[in-house]
Amino acid sequence: MRRRAVVCLGVMMVVSAVIGAGPAAWPGKAQAPSFDGARAFAHVERLVALGPRPAGSPALRQARAYLTRQLASLGLTVQEQPFTASTPVGPVEMVNLIVRLPGDRPERILVAGHYDTKPMREPFVGANDGGSSAAFLVELARVLVARPQALTYEIIWFDGEEAFCEGWTECGSAARPDNTYGSRAYVDAARAAGALPSLKALVLVDMIGDRQLEIRRDTNSTPWLVDTVWAAARRLGHARTFVERDLAVEDDHLPFLQAGVPSVDLIDLDYPAWHTPADTIDQVSPDSLQIVGDVLLDALPAIERGLTGSEKSEVRSQEFQKLRSSKFELRSSKFSALLTSYF
Ligand SMILES: [Zn+2]
């Protein structure tokens with residue numbers, strides 16, 4: 001334990017040096033708990049023990065009760081967002097779960113994942129697919145609730161991410177897809193409430209417990225958010241997990257991107273047990289959950305700074321320094337492209 005504390009302190013010092021001077025992003029950080037992959041893993045075990053948890057099932061109701069109890073034990077009130085989804089098997093009652101952690105400012109950063117498992121004929125307990133994201137967010141809530149935030153955080157457990165038909169786009173239509181029911185319901189509700197402008201960013205996690213975790217850069221995600229998370233991964237020495245390879249992913253972040261909310265999806269789709277009965281607890285590793293927890297918690301202050309402007313101006317001034325010291329004439333088009341990318 002002691003050794004670990006020393007190592008953590010070393011990492012924090014390196015991180016502060018990299019980030020540079022300025023007020024601490026999280027003044028209470030020293031007292032706040034850090035992410036515990038073993039705790040997150042224990043939540044996965046409890047969810048998996050409930051069996052298959054497709055949208056509308058009694059087991060998913062039990063999962064909701066479990067998540068709600070865990071969050072209540074952290075002193076958090078869970079807000080339920082019920083809705084009726086029109087699916088290929090008829091109307092299905094679904095419920096998103098939302099926890100809000102008020103910050104200094106009302107603008108919101110959303111951290112979300114799905115907690116349903118894919119409806120399948122074979123027994124499918126979705127340890128990684130559905131279990132890992134739901135469990136991860138409970139542990140993240142435990143850490144975030146103890147940290148003062150510049151912006152308000154919302155942690156969201158989406159219902160009905162999975163398609164009812166076997167294929168992702170096998171049923172439904174572009175306007176009414178057979179997937180992402182919960183995230184679309186959330187965005188619709190925010191739009192109806194006039195709350196879309198307050199949603200500043202979404203970080204989505206999905207299938208982040210694979211013991212051979214390798215997360216690629218999703219090309220549908222917002223580039224500066226991807227860059228910010230990958231920079232945190234490099235700082236913490238996790239470049240072998242957050243790899244420099246691209247992949248285009250369709251997931252619960254798409255409705256947010258379509259609504260203009262910058263979003264990043266952290267997902268490992270290279271998972272042999274994906275949508276098979278082999279997606280069981282032995283495929284999930286506390287270490288993988290730990291890595292994603294550490295990286296995300298390191299990236300969040302930088303994301304906050306990116307949203308509140310301080311990061312942008314810092315990057316901007318560095319770029320201006322570079323331009324001024326450059327011995328080469330920059331073509332005006334390249335110069336304006338550079339400016340556009342930072343303003
Ligand atoms: Zn799935």
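Helix α6 (residues 223–235) lies across strands β5 and β8, at about 45 degrees to β8; axes are lines fitted to C-alpha atoms, for helices over the stretch in contact, and angles run from 0 to 180 degrees between N-to-C directions. Helices (H or I, at least four residues) and strands (E, at least two) are DSSP runs, numbered from the N terminus. The model is predicted: local features need pLDDT of at least 70 and side-chain atom pairs count only at pLDDT 80 or more, while totals for chains, interfaces and linings use all residues. Residues are numbered from 1 along each chain as its sequence is written.

**Sheet**
- An open sheet of 6 strands follows the order β1-β2-β4-β3-β5-β8, and its pairing is mixed; two strands pair if DSSP finds at least two bridges between them.
- The edge strands, each pairing on one side only, are β1 (79–87) and β8 (263–267).
- From one strand to the next, the twist averages 20 degrees.
- Strands β5 (residues 199–206) and β8 run parallel and are joined by 5 bridges.
- V205 stands opposite L266 in β8.

**Helix α8 and the core**
- Helix α8 (residues 286–308) lies across β3 (105–114), β4 (151–158), β5 and β8, and runs at about 165 degrees to β5.
- The largest nonpolar core has 80 residues, and V229 and L266 have the most contacts inside it; such a core is a set of buried Ala, Val, Leu, Ile, Met, Phe, Trp, Tyr and Cys residues joined through C-beta atoms within 7 Å.
- Helix α8 gives the largest share of this core, 11 residues.
- Beyond its neighbours within four places in sequence, L266 is in contact with V203, L204, V205, I208, I215, V229 and V292; contact requires C-beta atoms, placed from the backbone, to lie within 7 Å.

**Helix α5**
- The buried residues of α5 are Y181, G182, S183, R184, A185, Y186, V187 and A190; a residue is buried if 20 or more other C-beta atoms, placed from the backbone, lie within 10 Å of its own.
- These buried residues pack against β1, β2 (90–101), β3, β4, β5 and α7 (254–258).
- Just after α5, G194 takes a positive phi of about 70 degrees.

**Confidence**
- The protein chain averages a pLDDT of 85, and 81% of the residues score at least 70; pLDDT is the predictor's confidence in each residue, from 0 to 100.
- Over residues 1–25 pLDDT stays under 50, and the model has 8 contacts beyond four places in sequence for them.
- Residues 313–343 have pLDDT below 50, with 7 contacts in the model beyond near neighbours in sequence.

Conventions: Contact = placed C-beta atoms within 7 Å. Buried ≥ 20, exposed ≤ 12 C-beta atoms within 10 Å, placed from the backbone.
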